[in-house]
Amino acid sequence: IEIGANDAIYIDEIWQINKKQSLEYLESVRGRISNEPFKIHIAVEMGPAAETIIDYARKNNIDLIVMATHGHSGLKRWVYGSVADKVLRGSFLSVLLVRSFPEGREND
């Protein structure tokens, strides 16, 4: 497939739209959290997920990485995903993993 100059602009426009929507979502989540005495950083970056998270934390003097994670359907125990696992194992920081859904709703 050949990509022309106009296609590159279109891809950049799609990225900017997706980034804006993602930042709006993250801002709404941050608004639901009482952040005193914490400073909560939100960012939307492009790249391999785990490596990008670790790199962002290192470059921006982050103290704690907090990630939502999924359990596998039907399992009673909590199992974290590959991105969370890579961040947990690869980061020099503390990592807090939080269930992304209420307990007992894995099959929804």
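The accessible surface of the protein chain comes to about 8,600 Å², and 54% of that belongs to carbon and sulfur atoms, with areas taken from the Shrake-Rupley method and a 1.4 Å probe. I should say early that this is a predicted model, in which local features need pLDDT of at least 70 and side-chain atom pairs count only at pLDDT 80 or more, whereas totals for chains, interfaces and linings use all residues. Residues are numbered from 1 along each chain as its sequence is written, and side-chain values use heavy atoms, with hydrogens and water left out.

Now to the fold. The protein chain has three helices and two strands, which are DSSP runs (helices H or I of at least four residues, strands E of at least two) numbered from the N terminus, and along the sequence they follow the pattern α-α-β-α-β.

What about the interior? Of the 108 residues, 18% count as buried, meaning under 20% relative accessible area with a 1.4 Å probe and protein chains only. The largest nonpolar core has 11 residues, among them A50, I65, M67 and L97; such a core is a set of buried Ala, Val, Leu, Ile, Met, Phe, Trp, Tyr and Cys residues joined through side-chain atoms within 4.5 Å. To this core α2, β1, α3 (82-90) and β2 (94-99) each supply at least two residues, and α2 gives the most, with three.

Let me finish with one residue of that core. Which residues does M67 touch, not counting those up to four places away in sequence? M67 is in contact, that is, with heavy atoms within 4.5 Å, with I53, V83, A84, V87, L96, L97 and V98.

Technical notes. Buried < 20%, exposed > 50% of the residue type's maximum accessible area, 1.4 Å probe, protein only.
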